[in-house]
Amino acid sequence: MEFEAGRMMDVRMARIGLLVDQKAAARRWSFGENVFQAYIGEILSHAGIGFERLSHAEEIGASGCDIVLAALADEGKSDALLDYVQKGGVVVAYGGLHGLAQQLGFIRGTPLSAGYAVDGRLGDKGEGLRYERAEPWYINDRYGTSHVVSVEECGTIGKGNDEVEGVLLHRIGYGAGQLDRWAVDIPTVVVQMQQGTHPVLEDGVPAPDGTGQVNEGILKADDAIAFDWSQDRIATASGQMLFPLPQADLWRERLISHLIGLSLEKGMTLPFLGYWPEGVDYVATISHDSDHNKDEDALATLELLAECGVRSTWCMIEPGYTPSVYERVKAGGHELAFHYNALEIQGGIWSEEEFRRQHQWLKEAAGIQGAVSNKNHYTRYEGWGELFAWCEQEGIQVDQTRGPSKPGNVGFLFGTCHPYYPVAWADERNRLYDVLETSFLTQDMELPNWADSTLVEPCLDQVKRVGGLAHFLFHQVHIGSKPDVRESFRYVVREAEKRGFQFWTSAEINHWVRARRLTKIERIEDTGEVAVSQAQPGTVVWIPVLAGEGGEVETRFGHPCRKQVMGSWLQQAVVKEAR
């Protein structure tokens, strides 16, 4: 790559292929097995990286793709992959491809149960990121082949505490090309962290120290988490227990960083999109749940919001406020949203019919056409994805239900602070739901027997680190009656603004994320600029370059990148009230 007078000469954009063998997927679905490996498509789309879908390995040779991500391959038809590599192609696999192990001079190892992966090359500060399962390969020179020209070992996997059980990433030079094989199925790990390791059918396992008694007889989102109470939490300065890392987001970053690095190594670049518009590096949002529905608490909340200069999202539970309160909420630029109640001890029912009935109540009571956003009362949750399907049917575009219900599981309980599209179970062929999930970090702080404010700064710093969304939940009833909660609210706003966060409503987040997803990066022009289509004004495009090329660069995903902004953007109240 050569850079001259603001030009990138003879550089093209890497073409990425995503292989999900449809016959292999259909066979797994027929046995009720999930194909979460295909979720890599959502990971790429969230980063704004385009790709071509490949339905079987025989398509690879004629695809013109520079890098093929073998998300799911037919293990009995791997010769097409190896032939592509031998002729100069690059394949990346996330576990699997065991049929190639012997030909490449490796032995397939026994799968490893839950452990931690470390790879300092990718800027993870030596932190171990959790996985539920790993499929290691081990070098065996007896099976060597003359076509293998090099093997590089990167990172480690193991139980933690310096107990290494294998290599995280093997980079295998084969013929004129390269196979990079991760021992961890990264897309599946991301899904398990975001949505749980299994459907919620029974109470979860409580924390041994008594801080997370999720086994209280109420099915909730936090009854099926992918993290370990002992190994994945830390104590803040006050002793507050906290899940401190957005591990799913850090896994995403490892995957994207690796693909960018591969492209640069091969003399190409892989442009991607900034998460937020120019001038916005990270976003904060505050939601409220109207439990108890006292007008005086609503008015106290409106007063506090006006004092702090923040607009927020009001999740309304039946029977709600008096009509005049709704008008004041709308006049303040806040969003009216839905708070579905399926809590049996309050007469709630977990059913699509009841979900629809309560949403209809909200529309009539608040005088809105429908809610953009929902959060379930008490984070009530069952099964896997039926809630998202109900939201789709009702035209609700954002869910906020996934968050902590106990003082000991606050923080990044679901591994992410980014809006994401959840994936369905095998019975729906692992489709993506047309609903954005925006999980929250904590409920009201400084309540008796609840979390304290020492979690605010570490959480904000981690959200800032990954360019995400910091979502805090405050109930109007506590704002209205508890001075310590009001002060914790002010503290959140002060610390967020000090770090450069901008406060948006859930509806505004939804509008931007969905509009951004329409943007397509088409090609690199001769000038080195990127041609895009359907870009919103203010959309940021990052163009990775080799170190030392010259020009003004910033580091993104561990690589120097040039910044290109598509037009100008001024923050507006995109949606001041629910549709």
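Which residue stands opposite G160 in β12? In this predicted model, the residue across from G160 is E163. That pair belongs to the antiparallel match between β11, residues 148-160, and β12, residues 163-174, which are joined by 10 bridges. Further along these two strands, C154 has L169 in β12 as its bridge partner.

On its other pairing, β12 meets β13 (residues 177-182), again antiparallel, this time through 6 bridges. Here Y174 is bridged to G177 in β13. The hairpin of β12 and β13 leaves 2 residues between the strands, and G175 takes a positive phi near 60° there. As for solvent, β12 doesn't see much of it: 9 of its 12 residues are buried, so the strand is mostly covered.

Zooming out, these strands sit in an open sheet of 9 strands with mixed pairing. Reading across, the order is β4-β3-β5-β6-β13-β12-β11-β8-β9. The edges are taken by β4 (52-54) and β9 (129-131); each has a single partner strand, so one side of each is left without a neighbour in the sheet. On average, and ignoring direction, neighbouring strands of this sheet are turned by 25° against each other.

Helix α4 (residues 79-86) comes next. Its buried residues include L81, L82, Y84 and V85. These residues cover an arc of only 155° around the axis, and that's why they end up on the same side of α4. What do the buried residues of α4 pack against? Several of the partners are strands: β3 (16-20), β5 (67-72), β6 (90-94), β12 and β13. The list also has a helix, α3 (60-63). Just after α4, G88 takes a positive phi of about 120°.

Then there are the cysteines. With 2.5 Å between sulfur atoms as the cut-off, the count comes to 0 disulfides. C154, the bridge partner of L169, is in no disulfide, and the nearest cysteine sulfur, that of C561, is 20 Å away. Is C154 buried or exposed? C154 counts as buried, because its relative accessibility is 2%, under the 20% limit. Why does C391 form no bond with C315? The sulfur of C315 is the closest cysteine sulfur to that of C391, but at 11 Å it's too far for a bond. C391 is buried as well, with a relative accessible area of 0%.

Elsewhere in the chain, Q564 is worth a look. Q564 is found in strand β29, residues 559-566. Despite the polar side chain, Q564 is buried, with a relative accessible area of 8%. What does the side chain of Q564 reach? The side chain of Q564 reaches the backbone nitrogen of V530 at 2.8 Å. Leaving out residues up to four places away in sequence, Q564 touches V530 along with E529, T539, V540, V541 and I543.

Note on methods. Residues numbered from 1 in each chain as written. Predicted model: local features only at pLDDT ≥ 70, side-chain atom pairs only at ≥ 80, totals over all residues. Heavy atoms only, no water. Pairing = 2+ DSSP bridges. Helix = DSSP H or I, 4+ residues; strand = E, 2+ residues; numbered from the N terminus. Axes fitted to C-alpha atoms, helices over the stretch in contact; angles between N-to-C directions. Buried < 20%, exposed > 50% of the residue type's maximum accessible area, 1.4 Å probe, protein only. Polar contact = N/O pair within 3.5 Å; in protein donor to acceptor, adjacent residues only side chain to side chain. Contact = heavy atoms within 4.5 Å. Arc of directions from axis to C-beta.
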